[in-house]
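Here is a short briefing on a protein model. It covers fold content, symmetry, chain contacts and the core.

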Number of protein chains: 2
Amino acid sequence: MSRLADVSDTKRLLDHLYDPVVEELRQVEEVLRRELRSQYPFVDELARHSFHLGGKRLRPALVLLAAKACGAVKPDHLVLAAVMEMIHTATLVHDDVLDQASLRRHLATVNARWGNETSVLLGDYLFTHSFYLASTLETTFACQTIGRATNTVCEGELRQIESRGDYSLTEEDYLSIIEAKTAELCACCCRLGAHYAGASPEVEEALTEFGHCLGIAFQIVDDLLDVQGDEVTTGKSLGTDLEQRKPTLPLIRLLSQVDEKQRAVIVAALDSQTPLPAGALEDWFAGSDCMEYSREQARLYIERAKTQLAGLPVSAARSVLERVADFSVERRH
Amino acid sequence: MSRLADVSDTKRLLDHLYDPVVEELRQVEEVLRRELRSQYPFVDELARHSFHLGGKRLRPALVLLAAKACGAVKPDHLVLAAVMEMIHTATLVHDDVLDQASLRRHLATVNARWGNETSVLLGDYLFTHSFYLASTLETTFACQTIGRATNTVCEGELRQIESRGDYSLTEEDYLSIIEAKTAELCACCCRLGAHYAGASPEVEEALTEFGHCLGIAFQIVDDLLDVQGDEVTTGKSLGTDLEQRKPTLPLIRLLSQVDEKQRAVIVAALDSQTPLPAGALEDWFAGSDCMEYSREQARLYIERAKTQLAGLPVSAARSVLERVADFSVERRH
């Protein structure tokens, strides 16, 4: 994930895109501010801190844009958008709980300031609060949809942990993992937006599939950007995924194109040490089509995503969903 | 917590007590076995492993006994009992995610075998699965009740982290923390048992208060046993709470009875190092009434708990609830 990249540019661009739901997003921020409070000062400090962790607000925007593309944003949508952002934040906080081995690397805020135990509990606090908030709606639909989706996300994250150092992972395995760990939550946002706007089952499915494809493309680009690294800000050329021995699409593509001997050299470099020695793999990546190939795969998913919107009436929200899709694949950080 | 104490004796005693719901508990085990599975081998291994972590099955038993004391155990109760056990297991798994500083101490299974990241994700997997399972019932009542209770638990756990090394913590503060982190979930089990058995609002409240008082007493005794230590099995005399600088009732009582100078000596010993030097504090505890006082406080809560059962018809389940209450305060490990 390109979490260490500069998100503020991305955020600025997205803010511009979110225009048709800007007022509703402001109301979601209000819900989040109201909910992320506690009468106990320490819990309150943590809850307020977590309010600022998400940043891009992509998930609330998807709920609201899907709703608006199907009809209108209703009060339930504001609650659900806040729920999805809280869940996303919980996963970010838990992502930052580190194993000893990787403690020196990407030190993240909650973890760095308050330690592992507090990070785990803050994530749990956000998870349980979001489930409670979802249960304040009239039916169990949101709880069921969100419960199933978040469970799939955890399953995907566990499968990704298992895949570390497994350089025999296929493109199909990789896609199946990112479908679970990333696409599922985006799909869930779009489904909730459509469902609570009273969309027909067909439209609800189409928007769910839109979110699913968007999520896959988004993660492929995240992984691609991670391997490309961020030379301007870090002066380094390879990202954290390779150092964590996480096989993502560019590496899987590279390994599929080299012979056994070359493969052994690359795997040895990956397994050698953390951090990777500078220059150990750059030439391999530069000499292959793996970056273009990965972005092309993401583009194919974005095309499939946009096709799903064909049945919706023309609207500002629908256009923005298309532009969010295009943006997610063309972005450079 | 006396997690390191020998739970098998406790379990044996409780198993005997659970007699009136033994068949239903077996069905709950079946639900757990069925639910804690995954098509992905690594996730499946973890899920199956977590099935064995809970052990005492106190929470499912509370759901079932409360149900039976109010009428009959229904299919929803089996689901809810499994949900509550899964949530309890999730909190156990997350309890075991350690800060670097305490890594050498109580090494716990998931954490020791699979590391912090996997433990966090397995806990999340169990949390989200339990919420999903609760949402399969007809109304949002279970989701709301469970969502609120688990959120309160997290808040209580965070407050306890904050209280570490705070030797000015009062008995009232301590009770307020254990009400949140322990009593809330026991209360929730009893409420769900009563509610889904069709109990009147008054009976539901009485059983909720029963669970609340039972949970407080249970935690006081847990904390008391931790300070007493387990000389037979560990050969050591003071428990982990003091080493983690966690002020629990015996210490709070002790500190309230000494003068400023004595207090300074005790606090210095507590702050000095981990592990505590042998014999540093034993005499202080032995010379005060703090152990008897703590158990007496627990007894008062148990009396209050049992009073709540007065309005229920005489039944085997009601008797067992009384005996579980008595057992929880008289147990020696």
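**Briefing**

Chain A has 16 helices and zero strands. The model is predicted. Of the 333 residues in chain A, 53% count as buried.

**Fold of chain A**
- Take the contacts in chain A between residues at least 6 apart in sequence: 75% of them join residues at least 24 apart.

**Symmetry**
- A turn of 180° with a shift of 0.0 Å along the axis lays chain A on chain B, at an RMSD of 0.0 Å.
- The two copies are therefore related as by a two-fold rotation axis.
- A:Thr140 comes closest to that rotation axis among the residues of chain A, with its C-alpha at 2.7 Å.
- Both copies use the same surface: 100% of the contact residues of chain A recur in chain B.

**Contacts between the chains**
- Contact involves 40 residues of chain A and 40 residues of chain B.
- On the chain A side, the elements that give two or more residues are helix 3 (41-51), helix 6 (109-134) and helix 7 (141-163).
- By class, this side of chain A holds 16 nonpolar, 16 polar and eight charged residues.

**Nonpolar core**
- In soluble globular proteins, nonpolar side chains tend to be buried together.
- Here the largest nonpolar core has 216 residues.
- Which of its residues touch the most other members? They are A:Ala66, A:Ala217, B:Ala66 and B:Ala217.
- Beyond its neighbours within four places in sequence, B:Ala66 is in contact with B:Cys189, B:Cys190, B:Gly193, B:Ala194 and B:Leu207.

Technical notes:
Residues are numbered from 1 along each chain as its sequence is written. Chains are lettered from A and ligands numbered from 1 in the order in which they are written. This is a predicted model: local features need pLDDT of at least 70, side-chain atom pairs count only at pLDDT 80 or more; totals for chains, interfaces and linings use all residues. A nonpolar core is a set of buried Ala, Val, Leu, Ile, Met, Phe, Trp, Tyr and Cys residues joined through C-beta atoms within 7 Å. A residue is buried if 20 or more other C-beta atoms lie within 10 Å of its own, exposed if 12 or fewer, and partly exposed in between; C-beta atoms are placed from the backbone. Two residues are in contact if their C-beta atoms, placed from the backbone, lie within 7 Å. Helices (H or I, at least four residues) and strands (E, at least two) are DSSP runs, numbered from the N terminus. Ala, Val, Leu, Ile, Met, Phe, Trp, Tyr, Cys and Pro count as nonpolar, Asp, Glu, Lys and Arg as charged, and the others, Gly among them, as polar. Copies are superposed by least squares on the C-alpha atoms of residues with pLDDT of at least 70 in both.
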